[in-house]
Amino acid sequence: MIIDLTPSEEAQISAAARETGLSAVELVELWIKEHLPSVSVMDRNDVDAKLRKLQELDGTKLLPDIPTRTLFAQWAEEDTKMTDDERESEDRLWEDIEQGLAENGRVLQLRQLS
């Protein structure tokens, strides 16, 4: 996430950070964490239960809870089996997505270029 600050705002944050003995990044992270609304474990469970109910109602296949690391490993394995045409098509898709995000003022890098 990128937050654009004016030079004055950056100076204010740097001065406040020096007073607390933290880096500017540490201070901003602390402020954000202090002001985010808390979400209890029960709330997350409620959201998961509602999502599963909606998936059941609209016939969406329910997926098991798979750790992200496992998914990335599976996707990496699938990528090794792609043909050159499939890989080029995938690259064009990501380029289109990134271009659309850039046109909408979003600055994100969604994939690491090899």
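A salt bridge here is a side-chain nitrogen of Lys or Arg within 4 Å of a carboxyl oxygen of Asp or Glu. By that rule, the count for this chain comes to two. Keep in mind as you look around that this is a predicted model.

**The overall picture**

Let's start with the fold. The chain has five helices and zero strands, so, going by how helices and strands are assigned as DSSP runs, the elements read α-α-α-α-α from the N terminus on. There are 114 residues in the chain, and buried ones make up 6% of them. The chain exposes about 10,400 Å², with carbon and sulfur atoms supplying 56% of that area.

**The start of the chain**

Before α1 (7-20) comes a segment that holds I3. Is I3 buried or exposed? Its relative accessibility is 52%, and the cut-off for exposed is over 50%, so I3 counts as exposed. I3 also belongs to a nonpolar surface patch of about 570 Å², which it makes together with M1, L5, I32 and L36. One of those partners, I32, brings us to the next helix, as α2 covers residues 24-35.

**How α1 and α2 meet**

The axes of α1 and α2 come within 8 Å and cross at roughly 90°. Angles of 65 to 115 degrees count as roughly perpendicular, and therefore α1 and α2 are roughly perpendicular to each other. Which residues do the meeting? On the α1 side they are I13, A16, A17 and T20, and on the α2 side A24, L27, V28 and W31.

Helix α1 also holds Q12. With a relative accessible area of 53%, Q12 is exposed. How far is Q12 from A24? The two are twelve residues apart in sequence, and their C-alpha atoms are 9.7 Å apart in space.

**Around the loop between α4 and α5**

Now skip ahead to the loop between α4 (68-80) and α5 (84-103), where you'll find M82. Buried means under 20% relative accessible area, and M82 has 18%, so M82 is buried. Leaving aside its neighbours within four places in sequence, M82 is in contact with R87 and E90.

R87 turns up again in one of the salt bridges, where its side chain meets that of D84. Both R87 and D84 lie in helix α5, three residues apart, which is about one turn of the helix. The other pair is K81 with E77. Here are the two pairs side by side:

| Salt bridge | N to O distance |
|---|---|
| K81 and E77 | 3.7 Å |
| R87 and D84 | 3.3 Å |

How open are these four residues to the outside? K81 counts as exposed because its relative accessibility is 62%, while E77, at 42%, counts as partly exposed. In the other pair, D84 counts as exposed at 55%, and R87 counts as partly exposed at 33%. Partly exposed, in this scheme, is whatever falls between the buried limit of 20% and the exposed limit of 50%.

**Putting it together**

As you turn the model, a few places are good to find. At the start, look for I3 in the segment before α1, and for the nonpolar patch it shares with M1, L5, I32 and L36. Then follow α1 to its crossing with α2 at roughly 90°. Further along, look for buried M82, and for its contact R87, which is paired with D84 in a salt bridge.

Key
Residues are numbered from 1 along each chain as its sequence is written. This is a predicted model: local features need pLDDT of at least 70, side-chain atom pairs count only at pLDDT 80 or more; totals for chains, interfaces and linings use all residues. Side-chain values use heavy atoms; hydrogens and water are left out. Patches are made of residues with over 30% relative accessible area and no salt bridge: like charges are joined within 9 Å, nonpolar side chains (Val, Leu, Ile, Met, Phe, Trp, Tyr) within 5 Å. Accessible areas come from the Shrake-Rupley method with a 1.4 Å probe; for residues, only the protein chains shown count as cover. Helices (H or I, at least four residues) and strands (E, at least two) are DSSP runs, numbered from the N terminus. Buried means under 20% relative accessible area, exposed over 50%, partly exposed in between (1.4 Å probe, protein chains only). Contact means heavy atoms within 4.5 Å. Axes are lines fitted to C-alpha atoms, for helices over the stretch in contact, and angles run from 0 to 180 degrees between N-to-C directions. Angles under 35 degrees count as roughly parallel, over 145 as roughly antiparallel, 65 to 115 as roughly perpendicular and the rest as oblique.
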